[in-house]
Amino acid sequence: MREGSDFMPQYNNHKKNTPKKKFEPRKSNVPKRESKDTSEKIFTYKPDMNVAQVAEGLRISNAAMIKKLMGLGLMASVNQIIDRDTIEVIAIDEGFKVQDEVITDVTRFDEMNIVDDPKDMKKRPPIVTVMGHVDHGKTTLLDAIRKSRVVEGEAGGITQHIGAYQVVRNGEPITFIDTPGHAAFTEMRARGAKVTDIVILVVAADDGVMPQTIEALDHAKAAKVPIIVAVNKMDKASANPDRVMTELSEKGLIPEAWGGKTPYVNVSALKKMGIDELLDVIQLISEIEEFKANPNRLAKGTVIEASLDKGRGAVATLIVETGTLKTGDYIVIGNTYGKVRTMQDDLKRRYQEALPSQPIEVTGLNEVPQAGDIFMAFTDERLTKDIASSRQSKQKETELKQVKKTSLDSMFGQMESTEKELNIIIKGDVQGSIEALKNMLEKIDINGFHVNVVRSSVGAITENDVTLANASNAIIIGFNVRPTAAVKQEADQQGVEIRLYSIIYRIAEDIESALKGMLAPTFEEIVTGQAEIRETFKVSKVGTIAGAYVTDGVIKRDALVRVLRNGIVVYEGKLGSLKRFKDDVKEVRQGYECGFSIENYNDIKIGDVIEASQMKEVEVD
Ligand code: GDP
């Protein structure tokens, strides 16, 4: 977790009070460095500063900055982003005091650091994320915890997955993020950690520390949050909790039992053993850490999940980080806006108000936001719309800048006659599958040719996507979503290709072949004609012969054919024979009848349509 970012839990925020407006030295009235006088030299920190920007702020050369970083054991280039801690070390050495940039522009609410008067801060539930290696039992554990609330006398009932839930233990709620890390969801996991106060690291006692355990641990450490180790599958005969402790101690997680600081809890998610102890440890940590927020302000928080629901439109699960979200509030989420129509939890209970740390599924949004987006509530509709539209234009600007860059790159690329990237826009119905797809596509590399995902988001394919695709020479991939007729028309006009899928691996296959095509685009399939099957005859030894009528173009003897039934391709192959009456012929043209067989395919039916095509060599440009 970056310090100074929005994801910083409130309990850390009051440490750094709003910087007082101080004299900001200008280049002209400051002695040319060297002076280690700390009195007035202020370095203003903004998130994601790179080496060059920091060097400028500290008024030293890039080379000097890089040298200083090397002194700290960091090899960095001029454009590399450096974290706040490192900047602070160097700034102090240069005699600067580091202060966070004070943002007053309300359209940048997501970067704002809300600081409340400590007396307004009230206790809030901890937000917990479960991480660990695949198959170590994250899902089972989240499920066991969810079911534990029945014991507390809460409604058992049917739960729906909304991405987060709360359980009450000893009268106190605990919030769990219900998206266990999966290998393909690294990005989501990284985001998950930002709205997290405590990480539960699940390690299977029979398997020990595995690669993703270490990865998860690194995320948790970066987020600077307390870690609880849940040693799972203790019901198994092969369980070896000591081994887990030894292996994790080597990574710095020394168990309390061994005099260290990390709590280890032995559990069996499957047998629901040790769950209460785990919840107790969470509450103990909450007591110590004193997680707090101000409920008496307009809400601000993060999107955990978002999707397009067939009946309810755009739906998003939000976690309120500070303030109270109310139905009827106007909210800006990411770059979209809306008015909170309904709020419900994973038990489908309705709420009028959502308090800090409370996960809630809201409807009433105009578009589907993205997981990880920040939201903020406002009372004024006009203002909300203005903020959203100004953020939208800002996003468009940045996207266009990127696009310009890509086109420039490709211009240079063309000079070397190589285009190494296939630009893609991904639209889908749920964030999870989009992330998985993006990860999958970005991994494809065919002799250096790869995919560049220009945009990926939840929601239907819009005109905006078509415009971006046109500008960036991208193709649009729709996964379980479709464009409206108007958008389709727009795409046709602009010559933008939209491909629709419902099976993820098909997309990967197609993209791979497209990239191979970029490697050697020597052949192209040209459709030459169509014929309609009017009769079929079974001929022993030969198979089925079709009596057909050529409705369009020409059917050639060496054609590749597709059998279409009700517009769906049921077979692809080659012609086995082509005849007019009894004679073999080379081709049959539109308006004539013919007879043919298809190699290795006898299931031809009356009414089927045959599409004939030929591979034609095309020029490589
Ligand atoms: P995830 O990939 O980390 O979410 O793991 P899952 O929760 O899907 O669990 C992987 C497998 O381990 C499943 O077959 C579970 O039934 C099994 N499993 C999870 N927890 C336990 C446990 O406490 N004991 C035993 N014996 N099996 C478990």
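Angles under 35 degrees count as roughly parallel, over 145 as roughly antiparallel, 65 to 115 as roughly perpendicular, and the rest as oblique. Keep that scale in mind for three helix pairs.

First, the ground rules. This is a predicted model, where local features need pLDDT of at least 70, side-chain atom pairs count only at pLDDT 80 or more, and totals for chains, interfaces and linings use all residues. Residue numbers start from 1 along each chain as its sequence is written, and side-chain values use heavy atoms, with hydrogens and water left out.

Two packed helices are described by the angle between their axes and the distance between the axes. Axes are lines fitted to C-alpha atoms, for helices over the stretch in contact, and angles run from 0 to 180 degrees between N-to-C directions. Helices are DSSP runs (H or I, at least four residues), numbered from the N terminus.

Pair one: α5 and α9. Helix α5 covers residues 138-148, and helix α9 covers residues 275-289. Their axes lie 10 Å apart, at an angle of about 85°. The two are therefore roughly perpendicular. Who touches whom? Contact means heavy atoms within 4.5 Å. L141, A144, I145 and S148 of α5 meet I275, L278 and L279 of α9. By class, that is six nonpolar, one polar and no charged residues. For the classes, Ala, Val, Leu, Ile, Met, Phe, Trp, Tyr, Cys and Pro are nonpolar; Asp, Glu, Lys and Arg are charged; the others, Gly among them, are polar.

Pair two: α3, residues 62-71, and α4, residues 84-93. The axes come within 11 Å and cross at roughly 115°. That makes α3 roughly perpendicular to α4. In the interface, M65, K68 and L69 of α3 meet T86, I90 and D93 of α4. The tally is three nonpolar, one polar and two charged residues.

Pair three: α12, residues 463-472, with α13, residues 485-494. The angle is about 15°, and the axes are 9 Å apart. These helices are therefore roughly parallel. E463, V466, T467 and N470 of α12 meet A486, V487, E490, A491 and Q494 of α13. Here the classes are four nonpolar, three polar and two charged.

Now the ligand. Which residues come nearest? Of the 15 around the ligand (a heavy atom within 4 Å), they are D135, K138, T139, T140 and D235. Next, polar contacts, meaning pairs of N or O atoms within 3.5 Å. A polar side-chain atom of T139 sits 2.5 Å from a ligand oxygen atom. For K233, a polar side-chain atom lies 3.0 Å from a ligand oxygen atom. G137 uses a backbone N or O atom, 3.0 Å from an oxygen atom of the ligand.

Methods
A polar contact is a pair of N or O atoms within 3.5 Å; within protein, one must be able to donate a hydrogen and the other to accept it, and residues adjacent in sequence count only if both atoms are side-chain atoms.
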